[in-house]
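Me: Please give me a close look at one part of the fold shown below, with the cut-offs behind each term stated as you go. I would like one connected account rather than a list.

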Amino acid sequence: MDTENNIPPPAQFSDDRTACVVSVKGLKENWQKWSDEHREYQQHNPFSHHDKPTTVVLQRGQHGYGRPLEGSTTEQRGKDAHTHISREVQELCDAIRNIGQPRGGNGDESGAITVEFGKLFEHYVTISNKVVGILLRARKQGLVHFEGEMLWQGQDDYVVITLLQ
């Protein structure tokens, strides 16, 4: 069954063993590739029980200290969390603007908006159950001011929260 140029046609296999051999070879290669990548990863993992990890231990003050590897999913999750918290802080400031009242017009800090914690808690708890945590974050960013280290529902309902920006 030769063709015009005396070139034999491609071999036709009806036996399923050849397909099985090819796929087993592919599986073996894929497994070996994964194994090599995992071994390399474990070399850099400071928590593995490998005798001599090749990680570079960063010291305080060095670039990258206390930060996830660039491009890692951990870094991306951190960025996403930062964006989410920033949005919640902005929503809290908007809520204070909406329900708060301008401070008395006796000349000191006119235009600043204030609200009592109890009133803010009752209004904002329908938006988020993390009112105190978001308030602490906003204070750390210099957006609000209130007396005390922590605010407790009921006990601190009359503490005045001032929107600074």
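Reply: **Helix α3 and the core around it**

In α3, the buried residues are Phe117, Gly118, Leu120, Phe121 and Tyr124. They lie on the same side of α3 because they cover an arc of only 165° around the axis, the arc being that of the directions from the helix axis to the C-beta atoms. Buried here means under 20% relative accessible area, exposed means over 50%, and partly exposed is in between (1.4 Å probe, protein chains only).

This is a predicted model, in which local features need pLDDT of at least 70 and side-chain atom pairs count only at pLDDT 80 or more, while totals for chains, interfaces and linings use all residues. Residues are numbered from 1 along each chain as its sequence is written, and side-chain values use heavy atoms, with hydrogens and water left out.

The protein has four helices and four strands, in the order α-α-β-β-α-α-β-β from the N terminus on. These elements are DSSP runs numbered from the N terminus: helices are H or I with at least four residues, and strands are E with at least two. The buried residues of α3 pack against α2, β2, α4 and β4, where contact means heavy atoms within 4.5 Å.

Helix α4 presents a comparable list: Val131, Val132, Ile134, Leu135 and Ala138 are its buried residues. They are placed on the same side of α4, because their arc around the axis is only 160°. Their packing partners are α2, α3, β3 (144-145) and β4. After α4 comes Gly142, with a positive phi near 80°.

These helices contribute to the largest nonpolar core. Such a core is a set of buried Ala, Val, Leu, Ile, Met, Phe, Trp, Tyr and Cys residues joined through side-chain atoms within 4.5 Å. Among the 24 residues of this core, those touching the most other members are Leu92, Ile96, Phe117, Leu120, Leu135, Val144 and Ile161. Two or more residues each come from α2 (73-99), β2 (113-116), α3 (117-124), α4 (131-140) and β4 (160-163). The most come from α2, which supplies six. In soluble globular proteins, nonpolar side chains tend to be buried together.

Ile96 shows how the core is connected. Apart from neighbours within four places in sequence, Ile96 is in contact with Ile113, Val115, Leu120, Val144, Ile161 and Leu163.

Glu88 lies in helix α2. Glu88 counts as buried because its relative accessible area is 8%. With residues up to four places away in sequence not counted, Glu88 touches Tyr124, Ser128, Lys130 and Ile134. Tyr124 is itself one of the buried residues of α3, and Ile134 is one of those of α4.

In strand β3 is His145, which is partly exposed because its relative accessible area is 38%. Outside its neighbours within four places in sequence, His145 is in contact with Val160, Ile161, Thr162 and Leu164. Between His145 and Leu163, 18 residues apart in sequence, the C-alpha to C-alpha distance is 6.6 Å.

Across the protein as a whole, 22% of the 165 residues count as buried. Of the contacts between residues at least 6 apart in sequence, 41% join residues at least 24 apart.
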